[in-house]
Amino acid sequence: MKKFSQNSTGSDPRETKGYDRPYVIAVASHKGGVGKTTISAALSWTFGQKNRRVVAVDGENQSGLTAICAKGDNDCFWKNVSLVRQLPPSMSRLSPRADLVLVDCPSIFDKEGQRIMELADGILLCINLDILMLRTLPRTLGVFHRLRERKPSTHILGIVVNQYQPRQIGLFQKINLVNDQLIISPSIPLHASLRDWSLQPGTALPLGPAVDAFDLLANNIFKRIENITEEAREELLVGGKV
C-alpha cells in the first residue's frame with residue numbers, strides 16, 4: 001500500500017474498488033453547530049493539496065459549504081477541488097474522473113440526510129464533546145447501523161471530534177472507551193484561525209494547529225478507505241465477480 005502523503009498521489013480508490021467512479025463520503029452530524037460544514041470544506045481543501053481530485057457537494061439548504069469554498073458566484077479555485085452547489089438527482093452525474101466526492105450532509109435524522117448517506121460509500125460523523133453527546137451518541141450510531149442493514153456496502157468511516165479542548169479529555173476518554181474503533185485521530189482543536197477561515201470565502205486553509213490536524217486526519221481517513229475498499233475487492237475476487 002502506497003503512503004498517502006502531500007508529495008505522493010498514493011493509490012487511486014477507484015482502482016482499488018475495481019470500478020470507475022469516485023468514492024463518495026457523506027460528512028454528517030446529529031445536530032447543528034458542530035462544525036460539520038467547516039470540516040467538509042477543510043477536508044476538501046486538504047485532499048486537493050494532496051493531489052486528490054475532489055468534488056465538494058453542498059447538500060445543505062443554507063449553502064454553507066458554498067459560502068466557504070467560493071466567493072460570490074465564482075467557482076472554487078482551490079487546487080484539485082470542484083464545487084457543486086446543489087446535490088444532483090444522481091451521484092452518477094458527478095465527475096467520474098474525481099477520486100473523492102465529499103457531501104456536506106443535512107442532519108442524519110433528516111430524511112434528505114438519510115437519503116444522501118444511502119448514496120454514499122462511507123460516512124464521517126462530526127461531533128463536539130459535551131454531556132449531551134454522551135447521551136445521544138448511541139441513538140446516532142443506531143441510525144448508521146440500521147442504514148448498513150439496508151445497504152451493507154456503505155461503511156462508517158469513523159467519528160471526527162471537532163473543536164477539541166484539553167479540558168475535555170475526560171469526555172473524550174469516555175467516548176473513546178466505548179467507540180475506540182470509530183474515533184479517527186487526530187481531533188480538530190478549537191482555534192480562532194479555523195473559526196475566522198470560514199468567514200473568508202475561497203481562501204486557503206490558514207497555517208496553524210488546525211491545518212496540521214487536518215493533514216493527519218486526511219491521511220487517516222484515506223487509510224481507512226483503502227482498507228475498506230481492498231477488503232471489498234477481495235470479497236469480489238473470492239466470489240468470482242472480478
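Which element gives the most to the lining of the second largest pocket? The legends below start there, and all of them describe a predicted model.

**View 1. The second largest pocket and the residues around it.**
Helix 2 is the element that gives the most to this lining, with 3 residues. The pocket has a volume of about 240 Å³, and 16 residues line it. Look for Gly32, Gly33, Lys36, Thr37 and Glu60, which lie nearest the centre of the pocket. Two elements give two or more residues to the lining: helix 2 (36–49) and helix 3 (64–69). By residue class, the lining divides into 9 polar, 4 charged and 3 nonpolar residues.

**View 2. Thr38 and its contacts in helix 2.**
Staying with helix 2, this close-up picks out Thr38. Is Thr38 buried or exposed? With a relative accessible area of 17%, Thr38 is buried, because buried means under 20%. Once residues up to four places away in sequence are set aside, Thr38 touches Ile68, Leu194, Trp197 and Ser198.

**View 3. Strand 1, covered on both faces.**
Strand 1 spans residues 23–28, and 6 of its 6 residues are buried, so the strand is largely enclosed by the rest of the structure. In a regular strand, side chains alternate between the two faces of the sheet. Here, Tyr23, Ile25 and Val27 sit on one side and Val24, Ala26 and Ala28 on the other, and all of them are buried.

**View 4. The pairing partners of strand 1.**
Which strands pair with strand 1 in the parallel sense? One is strand 4 (residues 100–104), joined to strand 1 over 5 bridges. Another is strand 5 (residues 122–127), with 4 bridges to strand 1. To find your way along the pairing, start from Tyr23, whose bridge partner in strand 4 is Leu100. Then move to Val27, whose bridge partner in strand 5 is Leu124.

**View 5. Ile25 in the largest nonpolar core.**
This core holds 41 residues, and Ile25, Leu43, Phe47, Trp78, Phe214 and Ile221 are the ones that touch the most other members. Helix 8 (residues 209–238) gives the most to the core, with 10 residues. Ile25 has a long list of partners worth tracing. Leaving aside neighbours within four places in sequence, Ile25 is in contact with Leu100, Val101, Leu102, Val103, Gly122, Leu124, Leu157, Ile221 and Ile225. Another core, of 34 residues, lies apart from this one, and its members include Ile123, Met133, Leu147 and Val161.

**View 6. The cis peptide bond between Ser185 and Pro186.**
Follow the backbone from Ser185 into Pro186 and you will meet a cis peptide bond, with omega about 0°. Pro186 belongs to the loop between helix 6 (169–179) and helix 7 (192–197).

**View 7. Ser63 and Gln163, two non-glycine residues with positive phi.**
Where is Ser63 placed? The loop between strand 2 (54–58) and helix 3 holds Ser63, whose phi is near 55°. Ser63 is partly exposed, at a relative accessible area of 32%. Gln163, with a phi of about 55°, is found in the loop between strand 6 (155–161) and helix 6. A relative accessibility of 30% makes Gln163 partly exposed as well.

Key. Residues are numbered from 1 along each chain as its sequence is written. This is a predicted model: local features need pLDDT of at least 70, side-chain atom pairs count only at pLDDT 80 or more; totals for chains, interfaces and linings use all residues. Side-chain values use heavy atoms; hydrogens and water are left out. On a 1 Å grid over the protein atoms alone, a cavity is a set of points where a 1.4 Å probe fits but cannot get out, and a pocket is an open set with protein on both sides within 12 Å along at least five of seven lines; lining residues have an atom within 4 Å of a point. Grid points are joined across faces, edges and corners, and a volume is the space filled by probe spheres set on the points. Ala, Val, Leu, Ile, Met, Phe, Trp, Tyr, Cys and Pro count as nonpolar, Asp, Glu, Lys and Arg as charged, and the others, Gly among them, as polar. Buried means under 20% relative accessible area, exposed over 50%, partly exposed in between (1.4 Å probe, protein chains only). Two strands pair if DSSP finds at least two bridges between them. A nonpolar core is a set of buried Ala, Val, Leu, Ile, Met, Phe, Trp, Tyr and Cys residues joined through side-chain atoms within 4.5 Å. Contact means heavy atoms within 4.5 Å.
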